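Here are some short exercises to help you find your way around a new structure. Try each task on your own, then follow the solution step by step.

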Amino acid sequence: SCLGDREKDVMLKFAKELEGELKRRGANVIMTRKGDTAEGLNERVDLANSENALLFISLHGNALPDGKDPNANCGTSIYYYYNQAKPLADEILKEMTSQLGMKNDRVRQQSFAVVRNTNAPSILIEIGYMINPSDNAKMITKEFQKQTAKAIADGVENFIKN
């Protein structure tokens, strides 16, 4: 990131917060990693499919190609591949942007392996741009990580209720 943080470390903190929030609400959560390990894309998909996951959520910090202005892009975006996952993406983005004050960087359809090859409705959340100083500064705080977990869990609940 622009502040020297590693995406894998920051996203694991978000994932652990989300795991706790979802478990408090009664969900059975399966983590693709719990520590500083590298799980391949196929292994993540295989785990979700073998456990018959009802939803699959992948957390990331966005980046930009070299030479792009790091201040030009900011906010939260969510990717899906199959139309069945779009309502989940919409609900979560609505909650994240309203609760966190993040810019709506849109829901987009994209053929990423973890959203294309899973059996469950699957999304990839780009919480913010790790290359953007403002987004990055928020993303490394414990309070923002907790608020993000709540917003994502609220979006999941809205999706399930509807």
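## Exercise 1: A charged pair in helix 3

Lys 94 is partly exposed, with a relative accessible area of 44%; on this scale buried means under 20%, exposed over 50% and partly exposed in between, using a 1.4 Å probe and protein chains only. Before going on, note that this is a predicted model, in which local features need pLDDT of at least 70 and side-chain atom pairs count only at pLDDT 80 or more, while totals for chains, interfaces and linings use all residues. Residues are numbered from 1 along each chain as its sequence is written, and side-chain values use heavy atoms, with hydrogens and water left out.

**Task.** Which residue meets the side chain of Lys 94 in a salt bridge?

**Solution.**
- Step 1. Start with the rule: a salt bridge puts a side-chain nitrogen of Lys or Arg within 4 Å of a carboxyl oxygen of Asp or Glu.
- Step 2. The partner is Glu 91, at 3.1 Å from N to O.
- Step 3. Look at the spacing: Lys 94 and Glu 91 are three residues apart in helix 3, so about one helical turn separates them. Helices (H or I, at least four residues) and strands (E, at least two) are DSSP runs, numbered from the N terminus.
- Step 4. Glu 91 is buried, with a relative accessible area of 16%.
- Step 5. As background, side chains of opposite charge can pair when their charged atoms come close.

## Exercise 2: Helix 3 and its surroundings

**Task.** Check the span of helix 3, then find what covers its buried residues.

**Solution.**
- Step 1. Helix 3 runs over residues 86-100, which makes 15 residues.
- Step 2. The expected span is 1.5 Å times one less than the number of residues. For helix 3 this gives 21 Å, and the end C-alpha atoms are 21 Å apart, so the two values agree.
- Step 3. Among the buried residues of helix 3 are Leu 88, Ile 92, Met 96 and Leu 100.
- Step 4. The cover over the buried residues includes strand 1 (56-62), strand 2 (76-80), strand 3 (104-109), strand 4 (122-129) and helix 6 (142-161).
- Step 5. Take Met 96 as a case: its relative accessibility is 0%, so Met 96 counts as buried. Leaving aside residues up to four places away in sequence, Met 96 touches residues including Thr 76, Ile 125, Ile 127 and Ala 151; contact means heavy atoms within 4.5 Å.
- Step 6. Just after helix 3 comes Gly 101, with a positive phi near 70°.

## Exercise 3: A network of salt bridges

**Task.** How many salt bridges are there, and which residues are linked in a network?

**Solution.**
- Step 1. The count comes to 12 salt bridges.
- Step 2. Glu 21, Arg 24, Arg 25, Lys 150, Asp 154 and Glu 157 are linked in a network.
- Step 3. Zoom in on Glu 21 and Arg 24, whose closest N and O atoms are 3.1 Å apart. These two are three residues apart in helix 1 (residues 7-24), so about one helical turn separates them.
- Step 4. Compare their surroundings: Glu 21 is buried at 15% relative accessible area, whereas Arg 24 is exposed at 61%.

## Exercise 4: Positive phi outside glycine

**Task.** Where do Asn 52 and Arg 106 lie?

**Solution.**
- Step 1. Asn 52 has a positive phi, near 55°, and sits in the loop between helix 2 (41-50) and strand 1. Asn 52 is exposed, with a relative accessible area of 63%.
- Step 2. Arg 106 also has a positive phi, near 85°, but its place is in strand 3. Arg 106 is partly exposed, at 48%.

## Exercise 5: The largest pocket

**Task.** Which element gives the most to the lining of the largest pocket?

**Solution.**
- Step 1. The volume of the largest pocket is about 1,000 Å³.
- Step 2. Of the 36 residues that line the largest pocket, the closest to its centre are Val 29, Ile 30, Met 31, Phe 56 and Ile 57. A pocket is an open set of points on a 1 Å grid over the protein atoms alone, where a 1.4 Å probe fits, with protein on both sides within 12 Å along at least five of seven lines; lining residues have an atom within 4 Å of a point.
- Step 3. Helix 1, helix 2, strand 1 and helix 6 each supply at least two lining residues.
- Step 4. Helix 1 gives the most, with eight residues.

Terms used: Points joined across faces, edges and corners; volume = space filled by probe spheres on them.
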